[in-house]
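Biologist: I keep hearing interface terms used loosely. Could we go through them one at a time, with their cut-offs?

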Amino acid sequence: MKPDVDQVMQGFFGTLLMDVAPHLNAEYSMGNVGIMGMMMFMTAEEHDRAAEIRVAENTEMRALFGEAARVVEDASLKARLGEAAGSRDASLRIKALDRANAALGGLLVDLQTHVEASKAPWAGPLEARIWDYLVAATERRKLPFPSLG
Amino acid sequence: MTMDDLAPRIAAYLARKMPQASQIEVSGVSRIHGGASRETFRLSASWSESGKSKTRPLILRRDPVASLIETERDIEYNAYRAFHPTGLPVPEPLYLETDLKWLDRPFFIMEQIEGCSAASPFNAEPYGPLAETLGRQFWTHLGRIAAADPKAIGFDANMGDIAPADCWKHELDKWEKVIDEDELAPQPVARAAIRWLRRNPPPPPPKISVVHGDYRTGNFLFNPEGHIRAILDWEMCHLGDPLEDVAWAADPLWAFQRPDRPGGMIGRAEAFAIWEKESGLKVDPERLRWWEVFNSLKGLAIWISAGKEYQTGANRDPVLAFSSWYCTDVHNRVLAKRLAELSREARQ
């Protein structure tokens with residue numbers, strides 16, 4: 001599909017800001033056009049990276065769960081971690097990746113809650129490992145913000 | 001309802017509230033952008049009174065169908081009523097109306113402050129050369145809010161009592177409930193923040209103060225000479241620990257990429273010194289840390305809620321989608337880094 005989606009979104013962002021907004025005389029409409037333009041700018045990047053980010057997160061969470069399953073003693077949680085570690089992304093559609101991401105994210109909440117309450121020797125390193133993942137994941141999702149001069 | 005439909009209905013309402021006036025006309029009704037928690041309209045009212053023609057620019061704030069922040073308009077209105085006589089720069093509140101027959105939804109009308117502008121918190125230099133002079137006023141006014149006696153000025157009307165030791169839990173319970181009800185996907189960072197906040201409650205404040213609840217860049221009007229003329233958007237105000245406002249005003253989200261310069265105005269050290277002098281209170285580092293983590297969580301709750309409003313179609317204001325994307329992104333990053341450090345400290 002040409003022109004590329006990011007080019008179209010960035011082009012529309014410029015058109016909205018330079019050609020459309022100056023001809024509006026309602027303050028509310030101008031504000032909305034500005035926000036929609038900024039979100040098109042963000043969409044240009046998000047469209048390109050969305051699948052990669054979700055696949056990376058899902059892969060990293062599964063690896064983390066695999067490590068955790070070897071040390072966590074709680075049988076029920078251990079089983080859930082083992083099952084999640086063995087799962088795979090069957091589709092690269094964003095909605096499918098998001099569904100898997102949400103399921104894995106919910107399990108991450110349960111694991112982190114369990115680890116924080118544990119005084120076992122493995123708990124500290126595993127807690128640090130979870131935070132390493134979360135810091136990297138939130139940084140990876142950082143949205144670009146247009147410089148408006 | 002169009003702007004043209006609104007004008008005669010507002011005029012009819014004003015005629016009821018101003019029996020001494022005749023020939024009331026409302027013109028120039030225009031919606032202001034950014035009021036995602038309440039629809040805000042600028043308008044001009046003109047009328048005859050005692051043989052003289054009068055005109056007054058007004059602001060109308062009407063409840064939306066669904067909003068970024070679900071709040072009661074009477075709490076916001078009462079905050080203006082409480083602080084207006086004190087000299088704090090707030091618009092004069094005029095009428096509060098809950099009868100739906102006038103404009104279909106509850107609303108209130110207040111004075112319009114003319115010749116002023118607000119600024120976007122998402123601008124690297126929101127105040128340009130006025131940053132320092134506005135920054136000093138910004139922190140002075142926040143100190144005055146903290147120093148105010150809520151009972152003496154009538155701010156506490158219709159608000160329950162709260163003990164200093166309970167205010168952290170009251171706020172945390174409130175915003176955790178918002179996340180419980182509105183999250184569209186699991187929120188590992190927000191949930192970790194809630195657990196940390198519950199494990200590490202702050203010391204109680206020395207007294208209960210008025211908390212504005214959304215005191216930040218973009219929520220005040222200033223004139224070209226560099227004077228703050230109106231502190232706005234009191235819809236989340238409540239009674240509590242005054243450091244809640246200090247932490248929110250200094251939150252990294254409002255500082256763009258300069259967390260050392262809260263709100264894009266003056267440095268943290270100078271800001272806090274001004275606040276301490278004006279409030280007569282101290283910025284206790286332990287309490288401030290708790291309220292900083294809390295405020296980033298509160299932000300997440302607001303943005304998560306905004307995302308749900310947009311996704312479900314309850315409110316299609318683009319600002320809800322924007323805040324859900326961009327502000328969630330910022331607060332998740334801020335909180336993840338902060339909590340990772342706190343986790344390391346706790347394990348040492």
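Modeller: Happy to; we will take the contacts between the chains and then those between the domains of chain B. This is a predicted model, where local features need pLDDT of at least 70, side-chain atom pairs count only at pLDDT 80 or more, and totals for chains, interfaces and linings use all residues. Residues are numbered from 1 along each chain as its sequence is written, chains are lettered from A in the order in which they are written, and side-chain values use heavy atoms, with hydrogens and water left out.

Biologist: Why is the meeting of Arg347(B) and Glu127(A) called a salt bridge?

Modeller: A salt bridge needs a side-chain nitrogen of Lys or Arg within 4 Å of a carboxyl oxygen of Asp or Glu. Here the N to O distance is 2.7 Å, so the pair qualifies. Between chain A and chain B the count is five salt bridges.

Biologist: What makes up the area buried between chain A and chain B?

Modeller: Buried area is the accessible area (1.4 Å probe) that two parts lose on being put together, summed over both. For these chains that comes to about 2,900 Å², with 67% of it on carbon and sulfur atoms. Tyr28(A), Trp131(A) and Phe145(A) supply 23% of the area that chain A buries against chain B, more than any other three residues.

Biologist: How do you know that Asp233(B) and Arg61(B) form a salt bridge?

Modeller: Their side chains lie 3.4 Å apart, N to O, which is within the 4 Å limit, so the name fits. Domain 1 and domain 2 of chain B, whose bounds come from an automatic or database domain assignment, have three salt bridges between them.
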